[in-house]
Amino acid sequence: MLASDFFARYEAYCPKELAMADDPVGLQIGTLNKDIQKVMVTLDIREQTVQEAIEQNVDVILAKHPVIFRPLDNLTDQDTQQKIILDLARAGIAVYTSHTNIDIVENGLNDWFCELLDITETENLTDFGLGRVGNIQPQTLGDFSEKVKTVFELSGLTIVSYAQSLDQEIKRVAICGGSGGKFYPEAIAKQADVYVTGDIYYHTAHDMLSQGLLAIDPGHHIEVLFVKKVARLLRDFKTDVTIIESSRLTNPFIKK
């Protein structure tokens with residue numbers, strides 16, 4: 001099957017045009033004008049996932065996070081990030097990325113998070129469609145935090161609260177996969193009790209609490225849900241292309 005035809009089907013579900021301005025989505029390396037037999041889905045493209053793709057004879061990698069995020073001034077094997085790009089090109093492996101468009105699209109990553117956490121009656125968090133906010137059965141912050149840990153199989157997470165206990169009742173939750181700390185004013189405007197997002201900065205946490213918003217930071221890596229969900233979606237196309245899920249760990253953090 002032509003890669004261009006395969007990804008046209010993906011884009012019918014998740015159009016590139018949904019992505020935020022200047023977000024690099026779509027084809028990043030190689031060509032889609034070729035027949036393909038195997039596609040690997042991954043969250044990140046790192047040295048270990050490149051090696052995995054080569055070992056598995058993959059034709060295209062579909063990744064959540066772009067491997068080229070900013071313009072390159074040069075392309076040499078002296079730079080570790082650039083070497084990743086060169087290794088893919090030498091191996092003839094194309095790279096296609098689906099970044100904020102999969103976050104924004106209906107029945108995309110943030111909606112999958114809501115399903116897992118039983119967040120209902122949802123609406124978009126931002127005007128441009130990023131994130132979701134909705135309702136849960138009233139429960140304590142502690143109980144909801146434990147649910148987040150269980151759902152995402154986490155050994156730990158960060159809770160943003162001045163309180164010495166976790167017994168504050170919550171019933172409205174905002175969520176944004178990835179690094180969504182800057183969107184906390186939208187969570188407040190939509191009357192969220194708690195905001196779930198990754199990479200919350202220290203001073204941003206202070207600002208949240210000063211304005212009455214609790215938060216849970218489960219880490220950026222919960223977006224790994226992308227791999228299983230998108231792989232299932234691609235298999236539902238029922239083509240002759242084999243879909244594999246990357247099994248290499250790319251989470252750089254250990255919580256103990």
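**Exercise 1. A pair of rings in helix H1**

Phenylalanine 6 is buried, with a relative accessible area of 0%. This value, like those below, comes from a predicted model. Find how phenylalanine 6 and phenylalanine 7 are arranged as an aromatic pair, and which ring phenylalanine 7 stacks with.

*Solution.*

Step 1. Phenylalanine 7 is also a buried residue, its relative accessible area being 1%.

Step 2. The ring centres of phenylalanine 6 and phenylalanine 7 are 5.3 Å apart, and the planes make 75 degrees. Planes over 60 degrees apart count as edge-to-face, so this is the class of the pair.

Step 3. For phenylalanine 7 and tyrosine 96, the centres lie 4.4 Å apart and the planes stand at 25 degrees. The cut-off for stacking is under 30 degrees, so these two rings are stacked.

Step 4. Phenylalanine 7 belongs to helix H1 and tyrosine 96 to strand S4 (residues 94-97), so the pair links parts 89 residues apart in sequence. Tyrosine 96 counts as buried at 1% relative accessibility.

Step 5. Phe6, Phe7 and Tyr96 belong to one aromatic cluster, together with Tyr10, Tyr13 and Phe237. The count of aromatic pairs comes to 7.

**Exercise 2. An open sheet**

State the strand order of the open sheet of 6 strands, and explain why one side of S5 and of S7 is left without a neighbour.

*Solution.*

Step 1. The order is S5-S6-S8-S9-S10-S7, and the pairing is mixed.

Step 2. Strand S5 (120-124) and strand S7 (158-160) are the edge strands; each has a single partner strand, so one side of each has no neighbour in the sheet.

Step 3. On average, neighbouring strands of this sheet are turned by 30 degrees against each other, direction ignored.

Step 4. Take one pairing inside the sheet: S9 (residues 194-198) and S10 (residues 214-217) run in the parallel sense and share 3 bridges. Within this region, valine 196 has isoleucine 216 in S10 as its bridge partner.

Step 5. Helix H5 (residues 109-116) packs on the sheet and touches S5, strand S6 (132-140) and strand S8 (169-179). The direction of H5 makes about 145 degrees with that of S8.

**Exercise 3. Two helices in contact**

Describe how H5 and helix H9 (residues 225-235) cross, and what classes of residue make up their contact.

*Solution.*

Step 1. The axes of H5 and H9 come within 11 Å and cross at roughly 105 degrees. Angles from 65 to 115 degrees count as roughly perpendicular, so H5 is roughly perpendicular to H9.

Step 2. From H5, the contact uses Leu109, Trp112, Phe113, Glu115 and Leu116; from H9, Leu225, Phe226, Lys229 and Val230.

Step 3. Sorted by class, the contact has 7 nonpolar residues, 2 charged residues and no polar ones.

Step 4. In H9, 8 of 11 residues are buried, so the helix is mostly covered. The buried residues include Leu225, Phe226, Lys229 and Val230. Among the elements that cover the buried residues of H9 are helix H1 (3-13), helix H4 (100-104), H5 and strand S11 (242-245).

**Exercise 4. One threonine**

Is threonine 49 buried or exposed, and which residues does it touch?

*Solution.*

Step 1. Threonine 49 is located in helix H2 (residues 47-55).

Step 2. Its relative accessibility is 0%. Buried means under 20%, so threonine 49 counts as buried.

Step 3. Leaving out residues up to four places away in sequence, threonine 49 touches Met40, Thr42, Asp44, Ser246, Arg248 and Thr250.

How values were computed. Residues are numbered from 1 along each chain as its sequence is written. This is a predicted model: local features need pLDDT of at least 70, side-chain atom pairs count only at pLDDT 80 or more; totals for chains, interfaces and linings use all residues. Side-chain values use heavy atoms; hydrogens and water are left out. Two strands pair if DSSP finds at least two bridges between them. Helices (H or I, at least four residues) and strands (E, at least two) are DSSP runs, numbered from the N terminus. Axes are lines fitted to C-alpha atoms, for helices over the stretch in contact, and angles run from 0 to 180 degrees between N-to-C directions. Contact means heavy atoms within 4.5 Å. Angles under 35 degrees count as roughly parallel, over 145 as roughly antiparallel, 65 to 115 as roughly perpendicular and the rest as oblique. Ala, Val, Leu, Ile, Met, Phe, Trp, Tyr, Cys and Pro count as nonpolar, Asp, Glu, Lys and Arg as charged, and the others, Gly among them, as polar. Buried means under 20% relative accessible area, exposed over 50%, partly exposed in between (1.4 Å probe, protein chains only). Rings of Phe, Tyr and Trp (its six-membered ring) pair if their centres lie within 6.5 Å; planes under 30 degrees apart count as stacked, over 60 as edge-to-face and the rest as tilted.
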